[in-house]
Each structure stands twice: as structure tokens, then as C-alpha cells.
Amino acid sequence: MSVNSKNLAIINAIITLGKGLNLHIVAEGVESEQLKNLLETLHCNYMQGNFFSLAVPVVEATNLLMRQDPTTSLVK
């Protein structure tokens, strides 16, 4: 996704609408630090994409989650 004024307006509207409806908004396809920082500025707290991790097989993902400390979170 390129970050231009039209895309920014759409992203901001979706986040604002979701928060107004008390929904958790998940931004998918985050592939750069620039996009991650922009989404954080817009108060999007849940993101996924290649910036954070390449896709992993289900067994590997399950093992990662099982090793996770239950007092911490994988999401912000």
C-alpha cells in the first residue's frame, strides 16, 4: 500500500469508525516501519504482516504461542 492522502483518509476513517463501534481494528499487510509508525500515529493497536514476521507453518506458530509467557502479549 502506498501512503498518499486518499489512502490516509480511508485508513483514518476505518480506524475511527471501528473505535467508535468499540471494535479492535487489525491492520493486515504491514510491510514497512514507515507504515507501522503511521498506523501507530492513527492509534491502530493491532497489526500483522511481513514487517513483524514472515508467514510460518501452523506447527511453528503453535509452538511459538505455547512458549509465550502468559503475562505478556504478542500484540500492543
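Exposed means over 50% relative accessible area, buried means under 20%, and partly exposed is what falls in between. Keep that in your pocket: His 43 sits at 52% relative accessibility, so it counts as exposed. You'll meet that histidine again later. One thing before you start clicking: this is a predicted model.

**Stop 1: the whole chain**

Colour by secondary structure and look at everything at once. You should find 3 helices and 2 strands. Walk from the N terminus and the elements come in the order α-β-α-β-α. The protein has 76 residues, and 18% of them count as buried.

Now switch on the surface. The accessible surface adds up to about 6000 Å², with 59% of it belonging to carbon and sulfur atoms. As for how the chain folds back on itself, take the contacts between residues at least 6 apart in sequence: 32% of these join residues at least 24 apart.

**Stop 2: just before helix 1**

Select Asn 4, in the segment before helix 1. Its relative accessible area is 36%, so Asn 4 is partly exposed. Show its side chain as sticks, then add the backbone of Lys 6. A polar atom of the Asn 4 side chain lies 3.0 Å from the backbone nitrogen of Lys 6.

**Stop 3: a greasy spot and the loop after helix 1**

Select Leu 17, Leu 21 and Leu 23 together. These three leucines make a nonpolar patch on the surface, and their combined accessible area is about 320 Å². Leu 23 belongs to the loop between helix 1 and strand 1. With 49% relative accessibility, Leu 23 is classed as partly exposed, because exposed requires over 50%.

Stay in that loop and pick Asn 22, which is found there as well. What is the phi of Asn 22 near? The value is near 60°, which is positive, and this residue is not a glycine. That deserves a second look because most residues other than glycine have a negative phi. Asn 22 is exposed, at 71% relative accessibility.

Next, click on His 24, again in the loop between helix 1 and strand 1. Its relative accessible area is 62%, so His 24 is exposed. Now add Tyr 46 as sticks: the side chains of His 24 and Tyr 46 are joined by a polar contact of 3.3 Å. Then try the distance tool between the C-alpha atoms of His 24 and Cys 44. The two residues are 20 apart in sequence, and 8.5 Å separates them in space.

**Stop 4: helix 2 and its two sides**

Select residues 33-41, which make up helix 2. Which residues are buried in helix 2? They are Leu 35, Lys 36, Leu 38 and Leu 39. Turn the view until you look straight down the helix axis. The buried residues fall within an arc of 165°, so they line one face of the helix. On the face turned away from that buried side you'll find the exposed residues Gln 34 and Thr 41.

What do the buried residues of helix 2 pack against? Show helix 1 (5-20), strand 1 (26-27) and strand 2 (46-47), and you have their packing partners.

**Stop 5: the lysine among the leucines**

Zoom in on Lys 36, which is part of helix 2. Is Lys 36 buried or exposed? Its relative accessibility is 15%, so Lys 36 counts as buried. Display its surroundings: setting aside neighbours within four places in sequence, Lys 36 is in contact with Val 30, Met 47, Phe 51 and Phe 52.

Now add Glu 40. Side chains of opposite charge can pair when their charged atoms come close. Here Lys 36 and Glu 40 form a salt bridge, and their closest N and O atoms are 3.4 Å apart. The count of salt bridges comes to 1. Because Glu 40 and Lys 36 are 4 residues apart in helix 2, about one helical turn separates them. Glu 40 has a relative accessible area of 28%, so this end of the pair is partly exposed.

**Stop 6: back to His 43**

Finish with His 43, the histidine from the start. Find it in the loop between helix 2 and strand 2. His 43 is not a glycine, yet its phi is positive, about 65°.

Definitions and conventions. Residues are numbered from 1 along each chain as its sequence is written. This is a predicted model: local features need pLDDT of at least 70, side-chain atom pairs count only at pLDDT 80 or more; totals for chains, interfaces and linings use all residues. Side-chain values use heavy atoms; hydrogens and water are left out. Buried means under 20% relative accessible area, exposed over 50%, partly exposed in between (1.4 Å probe, protein chains only). The arc is that of the directions from the helix axis to the C-beta atoms. Contact means heavy atoms within 4.5 Å. Patches are made of residues with over 30% relative accessible area and no salt bridge: like charges are joined within 9 Å, nonpolar side chains (Val, Leu, Ile, Met, Phe, Trp, Tyr) within 5 Å. Accessible areas come from the Shrake-Rupley method with a 1.4 Å probe; for residues, only the protein chains shown count as cover. A salt bridge is a side-chain nitrogen of Lys or Arg within 4 Å of a carboxyl oxygen of Asp or Glu. A polar contact is a pair of N or O atoms within 3.5 Å; within protein, one must be able to donate a hydrogen and the other to accept it, and residues adjacent in sequence count only if both atoms are side-chain atoms.
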